[in-house]
There are 2 protein chains.
Amino acid sequence: MTINKLKSAGLKITNQRVIVLNYLFNTQERHLSAEDIFRDLRLNGEDVGQATVYRVLNQLEEAGMLERHYFDGSKAYYELSSNSHHDHLVCLHCGKIIEFFDPFIEQRQQEIAEQYDMKLSHHNLYMFGYCLNPDCHRDI
Amino acid sequence: MTINKLKSAGLKITNQRVIVLNYLFNTQERHLSAEDIFRDLRLNGEDVGQATVYRVLNQLEEAGMLERHYFDGSKAYYELSSNSHHDHLVCLHCGKIIEFFDPFIEQRQQEIAEQYDMKLSHHNLYMFGYCLNPDCHRDI
DNA sequence: GTCGGTGCAAATCCTTTGCACCCTC
DNA sequence: GAGGGTGCAAAGGATTTGCACCGAC
């Protein structure tokens with residue numbers, strides 16, 4: 001439950017934190033920008049400031065509850081951490097995001113890191129293309 | 001040669017474009033931010049404006065001569081396109097960037113894209129960790 | 001000579017921060 | 001009651017843009 005998650009992260013239980021976290025747990029969209037979240041919360045009549053949304057997202061990310069992604073570099077997108085790591089396929093036309101996990105790729109990455117004497121911390125694999133939607137599935 | 005590259009990209013030959021492109025061809029660093037490039041050019045006494053550096057980098061990227069990377073999301077880094085695709089290993093401590101290519105990972109990506117009916121355009125794989133430098137090679 | 005290229009400063013976008021006030025513990 | 005949390009507006013960093021001038025073709 002939201003409150004326990006906050007507690008175990010060592011964060012004070014404040015209305016705003018509960019509101020943001022509940023929203024993330026209940027929304028359909030898994031990948032949202034700070035702006036998306038702030039806008040939606042306001043539309044829902046929630047009483048949260050923009051700065052607070054940014055602050056809470058940073059705290060949840062530091063606490064490991066959220067992951068931050070820069071698909072295109074312009075702005076950050078957040079998703080609830082799942083217990084299983086995954087990578088992303090992004091449709092360049094409609095923006096749809098598919099999550100996938102491939103054990104072979106994961107293992108190769110580990111081997112490559114070892115080969116270069118690097119101790120791996122994390123990685124981001126973003127694949128961009130056009131999805132099966134007829135509007136999207138075309139030659140670039 | 002720089003001028004021919006510009007011509008074949010359909011870009012007018014201007015001093016500023018030649019300066020930026022020459023700089024990129026001659027520098028040791030393969031991954032540079034717009035700020036890095038602007039600063040170095042000015043230090044070299046070159047007569048280029050900041051806006052022009054940004055514009056030229058965008059044009060060279062659109063022309064396929066440069067690749068833009070957002071390793072951490074804060075700002076863009078540019079590298080001259082090589083004829084061979086590669087991915088990146090980044091040291092979180094010293095910032096060193098290792099380029100690598102792994103045919104196995106490339107192929108798996110293709111297979112995964114097909115599995116999700118996506119027509120792949122490009123991808124970015126960024127691996128982050130700590131390099132073999134004693135200062136860097138530690139547990140996080 | 002034309003039309004795109006440039007420099008400067010202002011504008012924009014996303015995000016962070018300073019500060020006075022508020023609320024959790 | 002203390003110390004962190006919040007909202008607002010202002011500041012910040014990276015990048016783009018408007019506009020008058022300049023230069024390549």
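**Notebook: DNA strand D and the two-chain sheet**

I began at the DNA and found a polar side-chain atom of Thr14(A) 2.6 Å from a phosphate oxygen of DNA strand D. For this and later entries I take a polar contact as a pair of N or O atoms within 3.5 Å; within protein, one must be able to donate a hydrogen and the other to accept it, and residues adjacent in sequence count only if both atoms are side-chain atoms. The model is predicted, with pLDDT of at least 70 needed for local features and 80 or more for side-chain atom pairs, while totals for chains, interfaces and linings use all residues. Side-chain values use heavy atoms without hydrogens or water, residues are numbered from 1 along each chain as its sequence is written, and chains are lettered from A and ligands numbered from 1 in the order in which they are written.

**Entry 1: DNA strand D**

I looked up two further atom pairs. Gln16(A) has a polar side-chain atom 2.8 Å from a sugar or linking oxygen of DNA strand D. From chain B, the side chain of Arg55(B) puts an N or O atom 3.4 Å from a base oxygen of the DNA strand. Two or more residues each are given to the surface near DNA strand D by helices H2 (15–26) and H4 (50–62) of chain A and by helix H4 (50–62) of chain B. Helices and strands here are DSSP runs numbered from the N terminus, helices being H or I with at least four residues and strands E with at least two. Which element gives the most to this surface? I noted H4(B), with 5 residues.

There are 21 residues around DNA strand D, and those that come nearest are Thr14(A), Gln16(A), Arg17(A), Thr52(A) and Arg55(A). I count a residue as near if one of its heavy atoms lies within 4 Å of the molecule or strand. Of the DNA strand D atoms within 4 Å of the protein, 71% belong to sugar or phosphate, and the rest belong to bases.

**Entry 2: the sheet**

I then traced an open sheet of 6 strands, in the order E5(A)-E4(A)-E6(A)-E6(B)-E4(B)-E5(B), with mixed pairing. Strands E5 (97–100) of chain A and E5 (97–100) of chain B stand at the edges with a single partner strand each, so one side of each has no neighbour in the sheet. From one strand to the next the twist averages 20°. Angles are taken between N-to-C directions and run from 0 to 180 degrees, with axes fitted as lines to C-alpha atoms, for helices over the stretch in contact.

How many bridges join E6 of chain A to E6 of chain B? I find 11, between antiparallel strands that each span residues 119–130. Two strands pair if DSSP finds at least two bridges between them. Leu125(A) stands opposite Leu125(B) in E6(B).

Helix H5 (residues 103–115) of chain A packs on the sheet, where this helix touches E4 (87–91) and E6 of chain A and E4 (87–91), E5 and E6 of chain B. The direction of H5(A) makes about 130° with that of E6(A). Contact means heavy atoms within 4.5 Å.

**Entry 3: symmetry**

I superposed the copies by least squares on C-alpha atoms of residues with pLDDT of at least 70 in both. A turn of 180° and a shift of 0.0 Å along the axis lay chain A on chain B with an RMSD of 0.1 Å. The two copies are thus related as by a two-fold rotation axis. Leu125(A) is the residue of chain A that comes closest to the rotation axis, at 2.1 Å (C-alpha). Of the interface residues of chain A, 100% are also interface residues in chain B, so the copies meet through the same surface.

**Entry 4: His31(B) and its surroundings**

His31(B) lies in the loop between helix H2 (15–26) and strand E1 (32–33) of chain B. Is His31(B) buried or exposed? His31(B) counts as buried, at 11% relative accessibility. The classes are buried under 20% relative accessible area, exposed over 50% and partly exposed in between (1.4 Å probe, protein chains only).

The side chain of His31(B) makes polar contacts of 3.2 Å with the side chain of His88(B) and of 3.2 Å with that of Glu99(B). His88(B) and Glu99(B) are themselves bridge partners, the latter in E5(B). I count 4 bridges between E4(B) and E5(B), which run antiparallel. Their hairpin has 5 residues between the strands, and Gly95(B) takes a positive phi near 80° there. On E5(B), Ile98(B) and Phe100(B) form the covered face, and Ile97(B) and Glu99(B) the uncovered one.

**Entry 5: Asp117(A)**

I checked the loop between H5 and E6 of chain A, where Asp117(A) lies. Phi of Asp117(A) is near 55°, a positive value in a residue other than glycine. Asp117(A) is partly exposed, with a relative accessible area of 40%.
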